[in-house]
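Please read these notes with the model open beside you. They go from the whole chain to single residues.

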Amino acid sequence: MIPDKRGASMPETLEGGCQCGAVRYRINGSPVMAALCHCSMCRRANAAPAVAWAMYEESQVTFLGSPPAVYASSPEARRSFCGRCGTQIGFAADYIPGMIDITIGSLDEPERMPPMFHYWTSRQLPWLRVADELPRFPEFPPTE
């Protein structure tokens with residue numbers, strides 16, 4: 001196990017995939033960060049009020065079997081998903097070169113990847129109340 005910045009132990013290897021099993025991946029090592037995003041783009045892409053992401057270096061993530069389909073959601077960003085069942089898998093953007101966000105909900109054991117903070121809270125839905133004590137940042141990247 002690899003200790004993370006919060007003092008918890010995180011698995012050295014994680015696996016996950018889509019709902020139908022066509023897209024599978026393996027992650028080696030700890031994430032750069034794990035957080036809940038409240039931006040409107042993530043909400044729309046995932047049809048959810050907020051999305052939990054874990055960010056890794058691209059070299060840490062290996063896709064097994066079928067690769068995910070990719071959609072350019074903006075000129076500088078790409079979202080990956082299963083082309084068969086539609087499960088959202090990842091996010092990559094020009095402004096975070098060499099990095100990939102993986103949806104925590106697509107992990108086989110998402111409970112092992114608790115978020116460290118919230119970001120884009122300036123866009124958080126007013127009816128969503130998340131009862132935790134995690135730090136909150138109005139934009140991305142998180143700054144004080």
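The numbered points below cover confidence, fold, size, surface and two residues.

1. **Ground rules.** This is a predicted model, in which local features need pLDDT of at least 70, side-chain atom pairs count only at pLDDT 80 or more, and totals for chains, interfaces and linings use all residues. Residues are numbered from 1 along each chain as its sequence is written, and side-chain values use heavy atoms, with hydrogens and water left out.

2. **Confidence.** The predictor's confidence in each residue is pLDDT, on a scale from 0 to 100. Its mean over the protein chain is 90. Of the residues, 90% reach 70 or more. Treat residues 1-8 apart: pLDDT stays under 50 there. The model still gives this stretch 18 contacts (heavy atoms within 4.5 Å) beyond four places in sequence.

3. **Fold.** The protein chain has 13 strands and one helix. These are DSSP runs, numbered from the N terminus: helices are H or I with at least four residues, strands E with at least two. Along the sequence the pattern reads β-β-β-β-β-α-β-β-β-β-β-β-β-β.

4. **Size.** The C-alpha trace spans about 40 × 35 × 25 Å along its principal axes. The radius of gyration, taken over C-alpha atoms, is judged by a globule rule of 2.2 Å times the number of residues to the power 0.38. For 144 residues a compact globule would come near 15 Å, and the protein chain agrees because its own value is 15 Å.

5. **Packing.** Of the 144 residues, 42% count as buried. Buried means under 20% relative accessible area, with a 1.4 Å probe and protein chains only. Take the contacts between residues at least 6 apart in sequence: 53% of them join residues at least 24 apart.

6. **Surface and charge.** The accessible surface comes to about 7,700 Å² (Shrake-Rupley method, 1.4 Å probe). Carbon and sulfur atoms hold 55% of that surface. There are 13 positive side chains (Lys and Arg) and 15 negative ones (Asp and Glu); His and the chain ends are not counted. The centres of the two sets lie 7 Å apart, with each charge placed at NZ of Lys, CZ of Arg, CG of Asp or CD of Glu.

7. **Ser80.** Is Ser80 buried or exposed? Ser80 counts as buried because its relative accessibility is 8%. Ser80 sits in strand E9, residues 77-81. Beyond four places in sequence, its contacts include Pro68, Val70, Ile89 and Phe91.

8. **Leu125.** Leu125 lies in the loop between strand E12 (117-119) and strand E13 (136-137). Outside its neighbours within four places in sequence, Leu125 contacts Arg43 and Pro49. Cys39 is 86 residues from Leu125 along the chain, yet their C-alpha atoms are separated by 9.2 Å.

Definitions and conventions. Buried < 20%, exposed > 50% of the residue type's maximum accessible area, 1.4 Å probe, protein only.
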